[in-house]
Amino acid sequence: MKKRNHGSRIVIAYLIDFLASREGLTGGTERQLIEMVNHLDQSRFRPLLFCLKDFMAIPLWNDLKCEKHLLHVSSLASLHAVKAFFSFVHFLRKCSVDIVQTYFHDSTLFGIPAARLAGTKTTISSRRDLGFWYDKALLRNMSFVNRFTDRILVNCNAVKDATAFHENAPREKIDVIHNGLDLATFDRYSSVNLMSEFPEIQKGDPIIGMVANYNREVKRADLFIRAAAEVARYHGRARFLLIGGGRLESDLKGLIRQLGLRDRVILGGKKEPAAPYIKSFDIGVLTSDSEGFSNVLLEYMAAGIPVVATDVGGNREIVRNAGLGLLVPPGDPGALAHSLCRLLNDTQQSSEIGKNARDHIVEHYSWTRKIREVEKYYEALLGF
């Protein structure tokens with residue numbers, strides 16, 4: 001094994017398309033990158049962050065504990081993208097970057113060839129979901145770039161399987177490191193007083209909640225509402241709170257009206273951070289048809305509340321058994337409603353599941369533990 005020179009640091013250039021959408025939303029992948037950068041031991045690592053595209057200014061950008069650059073590349077098929085590409089190559093050489101790690105497809109198509117041209121020691125491209133939205137052209141491009149990529153890093157075994165299958169990538173080239181959660185920050189948040197914010201909620205009402213992006217049909221907020229209609233017949237005081245926002249909101253409101261649930265299902269809007277609302281839930285729900293390794297599932301469990309999640313993607317890797325939460329088939333509101341009623345009817349079981357879930361997150365997914373796995377991974381790739 002090689003040894004680092006005294007005082008030298010491993011230089012890692014992270015390249016991602018953006019850190020926030022035009023609406024100011026920051027997704028799970030972006031947050032995981034930010035947390036990783038901020039938790040790296042900077043006496044041993046020098047992280048550099050590059051974003052291809054401009055985005056709405058967010059506090060997380062200013063809070064990043066590393067050197068950061070905007071490349072202002074809105075389209076890879078532009079003259080500016082070519083100029084930015086060669087500027088990036090020059091930067092990698094000048095700073096003797098050891099590792100280039102990319103996120104999202106544009107950054108991968110831009111960054112991996114640049115790293116190869118610069119002579120960077122190791123290249124890593126990341127996958128964070130099951131690629132349900134990839135089209136044939138993008139798959140061809142990603143498969144081509146994979147030939148020049150040293151490692152593909154994924155956040156769960158389900159994503160590894162999907163990447164190997166869809167991109168025809170060698171399984172031995174794909175590594176798995178699960179997501180982490182900054183428990184120190186998460187634990188500082190206090191639960192909100194939902195009654196003061198939402199008049200529909202009264203003291204003692206069980207709160208079944210979900211945090212979801214309304215821009216994406218795959219998150220299946222409609223399934224949450226349909227299950228609420230069934231649960232409401234047996235639990236008259238249960239309230240269903242959806243935290244999130246997006247273009248599907250009007251459709252969801254229409255479904256709520258259609259099912260006669262205006263006093264039972266509450267669209268709470270986008271909340272940043274969502275943690276204080278999660279801590280006010282009695283049960284946390286995830287209804288996605290496709291999922292990588294869910295950050296919100298980690299947050300539900302860290303809050304010590306029982307979860308009901310669809311059995312897709314990496315959810316089974318987090319909820320490993322019924323003692324940690326309940327899994328239901330995707331697209332089945334009846335099964336979801338049955339599991340919710342089971343938890344509402346057995347408060348002792350719900351409490352035990354919540355406690356087990358919290359202990360599980362502390363033991364396996366705290367960033368104070370997870371970052372050591374990440375650092376050892378980088379060092380191993382470079383032979384240290």
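A residue is taken as buried when its relative accessible area is under 20%. By this criterion Phe 186, with a relative accessibility of 4%, counts as buried in the structure, which is a predicted model. Phe 186 is placed in helix H7, which spans residues 183-188. Contacts of Phe 186, apart from those with residues up to four places away in sequence, are made with Ala 275, Lys 279, Glu 299, Ala 302 and Ala 303. One of these partners, Glu 299, is 113 residues from Phe 186 along the chain, yet the two C-alpha atoms are separated by 8.1 Å.

The largest nonpolar core comprises 75 residues, and the members that touch the most others are Ile 208, Leu 297, Tyr 300 and Met 301. Helix H9 (residues 221-232) supplies the largest share of this core, namely eight residues. A second core, lying apart from the largest one, contains 29 residues, including Ile 10, Ile 12, Ala 20 and Ile 371. Within the largest core, Tyr 300 was examined further. When neighbours within four places in sequence are left aside, Tyr 300 is in contact with Gly 209, Met 210, Val 211, Ile 278, Phe 281, Gly 284, Val 285, Leu 286, Ile 305 and Val 307.

Strand E1, formed by residues 10-16, is largely enclosed by the rest of the structure, because seven of its seven residues are buried. The burial extends to both faces of E1: Ile 10, Ile 12, Tyr 14 and Ile 16 are buried on one side, and Val 11, Ala 13 and Leu 15 are buried on the other. E1 pairs with strand E2 (residues 45-51) in the parallel sense, over seven bridges. Parallel pairing also joins E1 to strand E4 (residues 99-103), here over five bridges. Ile 12 takes part in both pairings, standing opposite Pro 47 in E2 and having Ile 99 as its bridge partner in E4.

Ile 99 is also among the contacts of Thr 120, a list that further includes Leu 92, Val 97, Asp 98, Val 100 and Ala 115 once neighbours within four places in sequence are left aside. Thr 120 is located in the loop that runs between helix H4 (105-118) and strand E5 (122-127). Despite this loop position, Thr 120 has a relative accessibility of 7% and therefore counts as buried. The C-alpha atom of Thr 120 is 9.3 Å from that of Val 89, and these residues are 31 positions apart along the chain.

A search of the whole structure identifies 23 salt bridges. In one of them, Lys 53 is joined to Asp 106, with 3.4 Å between the closest N and O atoms. This pair links distant parts of the chain, since Lys 53 belongs to the loop between E2 and helix H2 (59-63) and Asp 106 to helix H4, 53 residues away. Lys 53 counts as partly exposed, at 22% relative accessibility, whereas Asp 106 is buried, at 16%.

A further salt bridge connects the side chains of Lys 121 and Asp 98, at an N to O distance of 3.0 Å. Lys 121 is in the loop between H4 and E5 and Asp 98 is in the loop between H3 and E4, so this pair ties together parts that are 23 residues apart in sequence. Lys 121 counts as exposed, with 52% relative accessibility, while Asp 98 counts as buried, with 9%.

The salt bridge between Lys 219 and Glu 291 has its closest N and O atoms 3.4 Å apart. Lys 219 lies in the loop between strand E8 (207-211) and H9, and Glu 291 lies in the loop between strand E11 (283-286) and helix H12 (295-302); the pair therefore ties together parts that are 72 residues apart in sequence. Both Lys 219 and Glu 291 are buried. Elsewhere, Asp 41, Arg 44, Glu 375 and Glu 379 are joined into one network by salt bridges that share partners.

At the surface, Leu 79, Val 82, Phe 86 and Leu 117 make a nonpolar patch of about 400 Å². Helix H3 (residues 79-94) gives the most to this patch, contributing three residues. Leu 79, which lies in helix H3, counts as exposed at 60% relative accessibility.

Asn 38 lies in helix H1 (residues 28-39). With residues up to four places away in sequence not counted, Asn 38 touches Asp 63, Leu 64 and Lys 65. The C-alpha atoms of Asn 38 and Leu 64 are separated by 6.4 Å, although the two residues are 26 positions apart along the chain.

Terms used. Residues numbered from 1 in each chain as written. Predicted model: local features only at pLDDT ≥ 70, side-chain atom pairs only at ≥ 80, totals over all residues. Heavy atoms only, no water. Patch = residues over 30% accessible without salt bridge, like charges linked within 9 Å, V, L, I, M, F, W, Y side chains within 5 Å. Areas by Shrake-Rupley, 256 points an atom, 1.4 Å probe, with all protein chains shown as cover. Salt bridge = Lys/Arg side-chain N within 4 Å of Asp/Glu carboxyl O. Helix = DSSP H or I, 4+ residues; strand = E, 2+ residues; numbered from the N terminus. Buried < 20%, exposed > 50% of the residue type's maximum accessible area, 1.4 Å probe, protein only. Contact = heavy atoms within 4.5 Å. Core = buried A, V, L, I, M, F, W, Y, C linked by side-chain atoms within 4.5 Å. Pairing = 2+ DSSP bridges.
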